[in-house]
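Colleague: I'm new to this one. Can you walk me through it?
Modeller: Sure. Here it is.

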Amino acid sequence: MTQKVAVLGTGKIGEALLSGMIRAGWAPADLLVTARRQERAEELRNRYGVTPVSNPEAAKIADTLILTVKPQDMGTLLDELAPHVPADRLVISGAAGIPTSYFEERLTAGTPVVRVMTNTPALVDEAMSVISAGSHATEAHLTHTEEIFGAVGKTLRVPESQQDACTALSGSGPAYFFYLVEAMTDAGILLGLPRDKAHDLIVQSAIGAATMLRDSGEHPVKLRENVTSPAGTTINAIRELENHGVRAALIAALEAARDRSRALASGNNS
């Protein structure tokens, strides 16, 4: 890895990306970081051996800029970067809801931009990162982006028009599973189990079920049917989930998340 990569606004996801890249073979000397606080930048230097720089310095030095600041801070960052980003820099945005055109309009004409929606399992190298090309990004830019984000999980290319749907499904997705585990833990307590035992039972069941979904190649309906015996415990539970409209509620929730991502893209932050 000879290209220099800069992670701008290095929070938890940015740090996870850094550590994953180093494990995947990037040399710390080729990695630059920026952070709002100087002590945070020094912490990253001490922990990973990377080089803290300012945002303008990163734009001048790095071949690839990964922007990991919050969506509401992206305009300010681009104002700072724009005078220093030449058209041959690859700019990767990890901000939810912001289209590649937003960056292309504010940076030097012809700047390649790639939009990525990753998620918090990047912290344990199990991210799902969804990648879309801007109007000037080439196959080489997409491949390079896949190499970077592949260090912390799986990657998937989609047209940018599908990014809002992917944000609803996988960007926010871990929160839905955490919410479900929280509810199931409360149910376990109601049924008489200590919280720690209920938690262990549910988490291992979730890990096992996810592994079966990933590795078996079976449709989730088939896997569910394999657990559902006639007149048994599982079918009674499924009936109650259907009676309470859980399937419809999930669909409505994902539509709401998709709509909010669209609203952010249009500049509606309220």
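Colleague: Where does UniProt place the dimerisation domain?
Modeller: The record puts "Pyrroline-5-carboxylate reductase dimerisation" at residues 160-263, in an unreviewed entry. Keep in mind that this is a predicted model.

Colleague: What is the chain like over residues 160-263, in helix and strand?
Modeller: Residues 160-263 are 83% helix and 0% strand. The C-alpha atoms at the two ends of that stretch are 15 Å apart.

Colleague: Let's look at some helices there. How do H7 and H8 pack?
Modeller: Helix H7 covers residues 163-171. H7 packs on H8 at an angle of about 35°, and their axes are 5 Å apart. From H7, the contact uses Ala168, Leu169, Ser170 and Gly171. From H8, it uses Gly173, Pro174 and Tyr176.

Colleague: How many charged residues in the contact of H7 with H8?
Modeller: No charged ones. The contact of H7 with H8 has four nonpolar and three polar residues.

Colleague: And at what angle do H8 and H9 cross?
Modeller: Roughly 130°, with axes that come within 9 Å. H8 is residues 173-190 and H9 is residues 195-216. That angle makes H8 oblique to H9. The crossing is right-handed.

Colleague: Which residues make that contact of H8 and H9?
Modeller: H8 brings Val181, Met184, Thr185, Asp186, Gly188 and Ile189. H9 brings Arg195, Ala198, His199 and Ile202. By class, the contact of H8 with H9 has five nonpolar, three polar and two charged residues.

Colleague: Switching topic. Which residues does the catalytic N-terminal domain cover?
Modeller: UniProt's annotation "Pyrroline-5-carboxylate reductase catalytic N-terminal" covers residues 4-97, again from an unreviewed entry. Over residues 4-97 the chain is 41% helix and 19% strand. The end C-alpha atoms of this stretch are 27 Å apart.

Colleague: What about the sheet? What order do the strands take?
Modeller: The order is E3-E2-E1-E4-E5-E6-E7-E8. It is an open sheet of eight strands, with mixed pairing.

Colleague: Why do E3 and E8 each have one side without a neighbour?
Modeller: Strand E3 (51-52) and strand E8 (153-157) stand at the edges of the sheet. Each has a single partner strand, so one side is left without a neighbour in the sheet.

Colleague: Are E1 and E4 parallel or antiparallel?
Modeller: Parallel, over four bridges. Strand E1 is residues 5-8, and strand E4 is residues 64-67. Ala6 stands opposite Leu65 in E4.

Colleague: Which strands does H1 lie across?
Modeller: H1, residues 12-24, lies across E1, E2 and E4. H1 runs at about 170° to E2, which is residues 31-34.

Colleague: And H4?
Modeller: Helix H4, residues 74-81, lies across E1, E4 and E5. H4 runs at about 155° to E4. E5 is residues 90-93.

Colleague: Last one. How do H1 and H2 cross?
Modeller: Their axes cross at roughly 20° and come within 12 Å. H1 and H2 are therefore roughly parallel to each other. H1 passes H2 in a right-handed crossing.

Colleague: Which residues touch?
Modeller: Lys12, Glu15, Ser19 and Ile22 on H1. On H2, they are Arg40, Leu44, Arg47 and Tyr48. The contact of H1 with H2 has three nonpolar, one polar and four charged residues.

Technical notes:
Residues are numbered from 1 along each chain as its sequence is written. This is a predicted model: local features need pLDDT of at least 70, side-chain atom pairs count only at pLDDT 80 or more; totals for chains, interfaces and linings use all residues. Side-chain values use heavy atoms; hydrogens and water are left out. Two strands pair if DSSP finds at least two bridges between them. Contact means heavy atoms within 4.5 Å. Axes are lines fitted to C-alpha atoms, for helices over the stretch in contact, and angles run from 0 to 180 degrees between N-to-C directions. UniProt positions are given in the numbering used here, feature names are shortened, and annotations may be inferred rather than shown by experiment. Angles under 35 degrees count as roughly parallel, over 145 as roughly antiparallel, 65 to 115 as roughly perpendicular and the rest as oblique. A crossing is left-handed if the near helix is turned anticlockwise from the far one by less than a right angle, and right-handed if clockwise. Ala, Val, Leu, Ile, Met, Phe, Trp, Tyr, Cys and Pro count as nonpolar, Asp, Glu, Lys and Arg as charged, and the others, Gly among them, as polar.
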